[in-house]
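Hi,

Here is the structure I promised to pass on. Have a look at it first, and then read on for what I found when I went through it.

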Amino acid sequence: PDPIVQDLSTGVVADEQPYIYRLTRIAELATQNNKGMEFLDQVVRTLWDGETDNWHEGDHLLKAMERAGLDGKLLLEQVDQDADQIDAAIRVHEAAQEQADHSGTPLMVLDGEPFFGQDRIDLLLWRLKQNGLREKKTAGR
């Protein structure tokens, strides 16, 4: 359920999409800054938790990015200035997704094996552990 402009009674998707392209570009930048999962955790909660009306207005998105450890103002400036460059990076990911012979999200691929859907994340983690993934030790643990 992407945050798109759509008439839910007819299913018609609007030509003008002010939300999803911007969010996708911000997510790409967050990923480039090694904060992709943190971005998703905070921003997706803001979009879909049912507690935040009009997430796209005011500073809701900015605060979510900051909770994710990102410089939200800087990312928003980059999205406006470097849209073509960011879109090129996104196209690389789209090509990799097509090469994995899959579409949709979330899609993770490990050594050519696709893991599609949030119900497959545990299976992916199991496979990653088989391949040597170890839990990161943090302070106090």
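**The core and what surrounds it**

The largest nonpolar core has 20 residues, and Ile26, Phe39, Val43, Met65 and Leu70 are the ones that touch the most other members. Two or more residues come from each of H1, helix H2 (36–48), H3, H4 and H5. H1 gives the largest share of this core, with 5 residues. Please keep in mind that this is a predicted model.

Met65 is a good place to start browsing. Setting aside its neighbours within four places in sequence, methionine 65 is in contact with Ile26, Phe39, Val43 and Leu70. Its contacts also include Gly72, Leu75 and Leu76, and these three are among the buried residues of helix H4.

**Helix H4**

H4 spans residues 72–81, and its buried residues are Gly72, Leu75, Leu76 and Val79. Why do they lie on the same side of H4? The reason is that they cover an arc of only 100° around the axis. In general, an α-helix has 3.6 residues a turn, so residues three or four places apart point the same way. Lys73 and Gln81, on the other side of H4, are exposed. The cover over the buried residues of H4 includes helix H1 (20–32), helix H3 (60–67) and helix H5 (83–99).

**The hairpin**

Further along the chain there is a strand pair to look at. Strand S3 (residues 107–110) pairs with strand S4 (residues 113–116) in the antiparallel sense, over 4 bridges. Leucine 107 stands opposite phenylalanine 116, and methionine 108 stands opposite phenylalanine 115. The hairpin has 2 residues between the strands, and aspartate 111 takes a positive phi near 50° there.

Which side chains of S3 are buried, and which are not? Met108 and Leu110 point to one face and are buried, whereas Leu107 and Val109 point to the other and are not. Such a pattern is familiar: in a regular strand the side chains alternate between the two faces of the sheet.

**Confidence**

Mean pLDDT for the protein chain is 87, with 94% of its residues at 70 or more. Confidence is highest in H4, at a mean of 94, and lowest in S3, at 80.

Happy to talk it through whenever suits you.

Best wishes

Definitions and conventions:
Residues are numbered from 1 along each chain as its sequence is written. Side-chain values use heavy atoms; hydrogens and water are left out. Two strands pair if DSSP finds at least two bridges between them. Buried means under 20% relative accessible area, exposed over 50%, partly exposed in between (1.4 Å probe, protein chains only). The arc is that of the directions from the helix axis to the C-beta atoms. Contact means heavy atoms within 4.5 Å. pLDDT is the predictor's confidence in each residue, from 0 to 100. A nonpolar core is a set of buried Ala, Val, Leu, Ile, Met, Phe, Trp, Tyr and Cys residues joined through side-chain atoms within 4.5 Å.
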